[in-house]
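Trainee: Please take a close look at one part of this model, the smaller of the two pockets you would describe, and follow it outwards to whatever surrounds it. I would like one connected account rather than a list.

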Amino acid sequence: MIGRLNHVAIAVPDLEKASAVYRDTLGAKVSAPQALPEHGVTVVFIELPNTKIELLHPLGGTSPIAKFLEKNPDGGMHHICYEVDDIIAARDRLKAAGARVIGDGQPKIGAHGKPVLFLHPKDFCGTLVEIEQV
Ligand code: CO
């Protein structure tokens, strides 16, 4: 059911420092920071030949990643995102298999303007999983 790895998201306490690591140390193509107030994050997009890395930094008082950074002050891998063809069919199949979909179960428009859902890390080997309809 899942397709390509769309991105790996890493929460970071210092966006400029993290951007420099990817740009200067690892030699990757790194975007300017982009504020996504509706998601409570500022994002830096890193293009790799086969996938993307997203550096996430909290924006505003109720950011979904603020708590994660409290627990992981140096930053850390926050979620991975897999592509699906049909997000409703994927959701229904996952729910039927006993997986927990986070929130009200209705897809939201994600950072790339496409419908996304998040799946509970306890059901996926301790990793928060995002599915995105492409
Ligand atoms: Co994501």
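Mentor: A pocket here is an open set of points, on a 1 Å grid over the protein atoms alone, where a 1.4 Å probe fits and protein lies on both sides within 12 Å along at least five of seven lines; its lining residues have an atom within 4 Å of a point. The model is predicted, so local features need pLDDT of at least 70 and side-chain atom pairs count only at pLDDT 80 or more, while totals for chains, interfaces and linings use all residues. Residues are numbered from 1 along each chain as its sequence is written, and side-chain values use heavy atoms, with hydrogens and water left out.

The second largest pocket is lined by I10, V12, P13, D14, K17, A18, V21, Y22, L55 and D74, and its volume is about 150 Å³ (the space filled by probe spheres set on grid points that are joined across faces, edges and corners). Its lining holds seven nonpolar residues, no polar ones and three charged ones, where Ala, Val, Leu, Ile, Met, Phe, Trp, Tyr, Cys and Pro count as nonpolar, Asp, Glu, Lys and Arg as charged, and the others, Gly among them, as polar. The most is given by helix 1 (residues 15-25), with four residues; helices (H or I, at least four residues) and strands (E, at least two) are DSSP runs numbered from the N terminus.

Two of the lining residues, I10 and L55, lead into the strands. L55 stands in strand 5 opposite V44, and strand 4 (residues 41-47) pairs with strand 5 in the antiparallel sense over seven bridges, pairing being counted if DSSP finds at least two bridges between the strands. Strands 4 and 5 form a hairpin, with four residues between them. On strand 1 (residues 5-11), five bridges lead to strand 5, and these two strands run parallel; within that pairing V8 has I53 as its bridge partner. Because five of the seven residues of strand 5 (residues 52-58) are buried, that strand is largely enclosed by the rest of the structure; buried means under 20% relative accessible area, exposed over 50% and partly exposed in between, with a 1.4 Å probe and protein chains only.

I10 points the account towards strand 6, where its bridge partner is M77. Strands 1 and 6 run antiparallel and are joined by six bridges. Strand 6 is also largely enclosed by the rest of the structure, because seven of its nine residues are buried. It pairs in turn with strand 9, in the parallel sense and over five bridges, and there C81 has E130 as its bridge partner.

A11 and L69 add contacts around lining residues. A11, in strand 1, counts as buried at 0% relative accessibility, and its C-alpha is 8.8 Å from that of D74 although the two are 63 residues apart in sequence. Not counting residues up to four places away, A11 touches L56, I65, F68, L69, G75, G76 and H78 (contact means heavy atoms within 4.5 Å). L69, in helix 2 (residues 66-71), is buried at 12% relative accessibility. Its contacts, leaving aside neighbours within four places in sequence, are A11, V12, P13, P58 and G75, so that V12 and P13, which also line the second largest pocket, are touched by L69.

E130 brings in the metal site. The protein donors of the cobalt ion are H7 (NE2), H79 (NE2) and E130 (OE), at 2.0 to 2.1 Å from it, donors being N, O and S atoms within 2.8 Å of the metal (3.2 Å for Na, K and Ca); water is not among the atoms, so sites may look incomplete. H7, in strand 1, and E130, in strand 9 (residues 129-133), are 123 residues apart and link distant parts of the chain. H7 counts as buried at 0% relative accessibility, and E130 does at 5%.

H79 also leads to the largest pocket, of about 710 Å³. That pocket has 33 lining residues, with P64, H78, H79, F118 and L128 nearest its centre, and they divide into 16 nonpolar, 12 polar and five charged. Strand 4, strand 5, strand 6 (76-84), strand 7 (108-109) and strand 8 (115-119) each supply at least two residues of this lining.
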